[in-house]
Amino acid sequence: MTCILGIDPGLRVTGFGVIEKRGAMLCYIASGCVKSDARQSLPERIHTLFVGVGEVIETYAPAEAAVEKVFVNVNPQSTLLLGQARGAAIAALTAGGLPVAEYTALQIKQAVVGHGKAAKEQVQHMVTCLLSLSSVPQADAADALACAICHAHGGLGRMMLGADAGSGEPRGKTRAYRVRNGRLIG
């Protein structure tokens, strides 16, 4: 059994989804959102996300984590803010001692729905079906669950960072994020 935490980063709302892989079976554990207050300063919002993801790790004790990669928006300011939120999530994951894998939205949609141009509603529907949920999860939580499912299915070639089975080398276009002796190493 492997407990996997999926993260869909966002400055306002960061979705999380926790699943357990039991052989070929995927079991839903939990999902939800960590929200920051738009009235807070940017550093306070980043801290809120960092602490919130840390609380999720403490509560569910996942063994691995998967995070959606940032895409470049038309608005560079939005992209920078999203990148900072993503950084807070990755920092919390690595501070929690988790190996972190990254997947693009295209990879996640392809792994969960079967094609990379799937609409949010299609992702929500497939997550609901794959995890046998009684109701459709909120969009951000569904995206995080989809990220965890993608990772559980080996992504598109097991893109776990820094932990390729057998060789210890990452596969694909990935970067390694690990913490050793309190320091981020790559």
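Two strands count as paired once DSSP finds at least two bridges between them. Strands β1 (residues 2–8) and β4 (residues 64–68) pass that test with 4 bridges, and they run parallel. Keep in mind for every view below that this is a predicted model.

**View 1. The whole protein, before zooming in.**
Let's start with the parts list: 5 helices and 7 strands. Going along the sequence, they come up in the pattern β-β-β-α-β-α-β-α-α-α-β-β. Of the 186 residues in the protein, 46% are buried. The accessible surface adds up to about 9,300 Å², and carbon and sulfur atoms own 53% of that. As for contacts, take the ones between residues at least 6 apart in sequence: 56% of these join residues at least 24 apart.

**View 2. An open sheet of 5 strands.**
Read across the sheet, the strand order is β3-β2-β1-β4-β5, and the pairing is mixed. The edge positions go to β3 (25–35) and β5 (100–103); each has a single partner strand, so one side of each has no neighbour in the sheet. On average, neighbouring strands here are turned by 20 degrees against each other, ignoring direction. Helix α3 (residues 105–112) packs on this sheet, where it touches β4 and β5. The direction of α3 makes about 90 degrees with that of β5.

**View 3. The hairpin of β2 and β3.**
Strands of a sheet pair through backbone hydrogen bonds, in either a parallel or an antiparallel way. Strand β2 (residues 13–22) and β3 go for the antiparallel option, over 10 bridges. To get your bearings in the ladder, look for Thr 14, which stands opposite Val 34 in β3. The hairpin has 2 residues between its strands, and Gly 23 takes a positive phi there, near 65 degrees.

**View 4. Strand β4 and the partners on its two sides.**
Over 4 parallel bridges, β4 is joined to β1. Gly 6 sits opposite Ala 66 of β4. With β5, too, β4 pairs in the parallel sense, over 4 bridges. Here Val 67 has Glu 102 in β5 as its bridge partner. How much of β4 is buried? The strand is mostly covered, with 5 of its 5 residues buried. Glu 64, Ala 66 and Glu 68 point one way, Ala 65 and Val 67 point the other way, and all are buried. Yes, that list of buried residues includes Glu 64 and Glu 68.

**View 5. Helices α4 and α5 packed together.**
Two packed helices are described by the angle between their axes and by the distance between the axes. For helix α4 (residues 120–130) and helix α5 (residues 139–152), the angle is about 60 degrees and the axes are 9 Å apart. That angle makes α4 oblique to α5. The crossing of α4 and α5 is left-handed. On the α4 side, the contact is made by Lys 120, Val 123, Gln 124, Val 127 and Leu 130. The α5 side brings Ala 139, Ala 142, Asp 143, Leu 145, Ala 146 and Ile 149.

**View 6. Zooming in on Asp 143.**
Asp 143 belongs to helix α5. Is Asp 143 buried or exposed? Its relative accessibility is 10%, so Asp 143 counts as buried, given that the cut-off for buried is under 20%. Leaving aside residues up to four places away in sequence, Asp 143 touches Asp 8, Lys 120 and Val 123. Lys 120 and Val 123 also turn up among the α4 residues that make the contact with α5.

**View 7. Two loop residues with positive phi.**
Neither of the residues in this view is a glycine. Ala 61 has a positive phi of about 45 degrees. You'll find Ala 61 in the loop between α1 (42–60) and β4. With 57% relative accessibility, Ala 61 counts as exposed. For Ser 132, phi is also positive, near 50 degrees. Where does Ser 132 lie? Ser 132 is in the loop between α4 and α5. Ser 132 is exposed as well, at a relative accessible area of 65%.

Definitions and conventions: Residues are numbered from 1 along each chain as its sequence is written. This is a predicted model: local features need pLDDT of at least 70, side-chain atom pairs count only at pLDDT 80 or more; totals for chains, interfaces and linings use all residues. Side-chain values use heavy atoms; hydrogens and water are left out. Axes are lines fitted to C-alpha atoms, for helices over the stretch in contact, and angles run from 0 to 180 degrees between N-to-C directions. Contact means heavy atoms within 4.5 Å. Buried means under 20% relative accessible area, exposed over 50%, partly exposed in between (1.4 Å probe, protein chains only). Accessible areas come from the Shrake-Rupley method with a 1.4 Å probe; for residues, only the protein chains shown count as cover. Angles under 35 degrees count as roughly parallel, over 145 as roughly antiparallel, 65 to 115 as roughly perpendicular and the rest as oblique. A crossing is left-handed if the near helix is turned anticlockwise from the far one by less than a right angle, and right-handed if clockwise.
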